[in-house]
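Q: I've just opened this one and I'm not sure how to read it. Could you walk me through a few features?

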Amino acid sequence: MTDSPAETIGDVLAAFRLDGRTSLVTGAGRGLGRAMALGLARAGSRVMLVDVNPEDLAAVETEIRSAGSQVASSVVDVGEEGQVQRCLAETLQRFGGLHVLVNNAGITSRSPFEDLPREDWERVLRVNLGGTYLCCKHAARPMMAQGGGSIINIASMSGLVGNRGGDNSHYCATKGGVIALTRSLAVEWARHGIRVNAVAPGYCVTPMTDRLKQRDPAFYQELIGRVPLGRFGTGQDLAGAVVYLASDASAYVSGSVLVVDGGYTAW
């Protein structure tokens with residue numbers, strides 16, 4: 001005898017719940033990181049918010065707490081190993097475990113590569129790839145000790161294709177590195193029950209794209225015109241992808257790159 005359709009749907013929906021789990025989200029103070037943190041909280045997870053800006057953190061923490069979810073925050077530069085270690089220890093002490101890590105913190109700058117200052121190269125590499133390395137490294141042992149977890153690295157479609165408009169090849173290089181690291185760790189840590197996946201967003205509505213819209217509206221419209229779905233992504237689009245990869249709904253998914261780009265890289 002098979003389950004009725006209603007029972008089957010109920011089982012599927014339940015697999016997306018994160019009740020009793022703890023998630024740590026870097027770069028959670030605004031924009032896409034905030035949306036991911038809110039999505040995880042609404043799915044039932046306790047959330048540790050991480051960012052370099054204390055005012056942004058306080059606002060998101062208040063927002064999540066007012067919705068009835070358990071939340072804490074920590075001001076952390078993910079490129080500093082001591083700060084990452086302190087934050088992980090604080091998370092374990094406060095919540096008793098770590099089940100989901102979302103490596104979202106990232107920065108960029110714009111410069112033709114032939115004029116790119118070495119300090120810009122090293123700064124972007126330090127945060128985007130170095131921060132992912134440090135957070136994965138120090139989250140791994142507690143996840144191993146509890147029998148597994150889910151690590152979600154926020155890459156970019158720019159790690160898969162050349163970036164329209166150029167002038168940020170160093171950023172693209174770091175996101176390509178995040179994708180390669182994701183796949184390698186998925187294989188290396190599978191025996192510990194740790195799933196490692198990446199989300200590769202396309203163009204999204206962010207303060208950066210808002211500035212582009214003001215500075216060069218014609219180019220902004222050209223970019224939208226290249227997206228088959230005809231719009232930029234939103235925080236909600238990314239939050240759904242992250243909740244899926246954090247949850248048991250993706251229990252057999254590891255080493256994958258979930259591209260959320262409205263079809264941009266399909267042509």
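A: Sure. Let's start with Ser111, in a model that is predicted. Ser111 counts as buried because its relative accessibility is 11%, and the cut-off for buried is under 20%.

Q: Where does Ser111 lie along the chain?

A: Look at the loop that links strand S4 to helix H5 (118–146); Ser111 is in there.

Q: Which residues does Ser111 touch, leaving out those up to four places away in sequence?

A: There are Leu116 and Pro117, plus Asp167 and Asn168. Take Asn168: 57 residues separate Ser111 and Asn168 along the chain, yet their C-alpha atoms are 6.2 Å apart.

Q: What about contacts across the whole chain: what share comes from residues 24 or more positions apart?

A: Among contacts with a separation of 6 or more, such pairs account for 72%.

Q: Now strand S4. Which way do its side chains point?

A: Here's the general idea: side chains in a regular strand alternate between the two faces of the sheet. In S4 (residues 100–103), Val100 and Val102 point one way, while Leu101 and Asn103 point the other. All four are buried.

Q: And how does S4 pair with S1, and over how many bridges?

A: S1 (residues 22–26) and S4 pair in the parallel sense, with three bridges. Within that pair, Leu24 sits opposite Leu101. S4 also runs parallel to S5, joined by four bridges. There, Leu101 stands opposite Ile151.

Q: Let's stay with S5. Is Asn153 buried or exposed?

A: Asn153 belongs to S5 (residues 149–154). Its relative accessible area is 0%, so Asn153 is buried. Setting aside neighbours within four places in sequence, its contacts include Asn103, a residue of S4. Thr132, Cys136, Val178 and Asn197 are also among the contacts of Asn153.

Q: Zooming out, how many helices and strands does the protein chain have?

A: The count is nine helices and seven strands.

Q: How does the radius of gyration compare with that of a compact globule?

A: A compact globule of 267 residues would have a value near 18 Å; this chain has 18 Å, so the two agree. Along the principal axes, the C-alpha atoms fill a box of roughly 60 × 50 × 40 Å.

Q: What share of the residues is buried, and what makes up the accessible surface?

A: Buried residues are 48% of the 267. The accessible surface is about 12700 Å², and carbon and sulfur atoms contribute 54% of that.

Q: Last one: how many charged side chains are there?

A: The chain carries 25 positive and 26 negative side chains, and the centres of the two sets lie 1 Å apart.

Notes:
Residues numbered from 1 in each chain as written. Predicted model: local features only at pLDDT ≥ 70, side-chain atom pairs only at ≥ 80, totals over all residues. Heavy atoms only, no water. Helix = DSSP H or I, 4+ residues; strand = E, 2+ residues; numbered from the N terminus. Rg over C-alpha atoms; globule rule 2.2 N^0.38 Å. Buried < 20%, exposed > 50% of the residue type's maximum accessible area, 1.4 Å probe, protein only. Contact = heavy atoms within 4.5 Å. Areas by Shrake-Rupley, 256 points an atom, 1.4 Å probe, with all protein chains shown as cover. Lys, Arg positive; Asp, Glu negative; His and termini not counted. Charge placed at Lys NZ, Arg CZ, Asp CG, Glu CD. Pairing = 2+ DSSP bridges.
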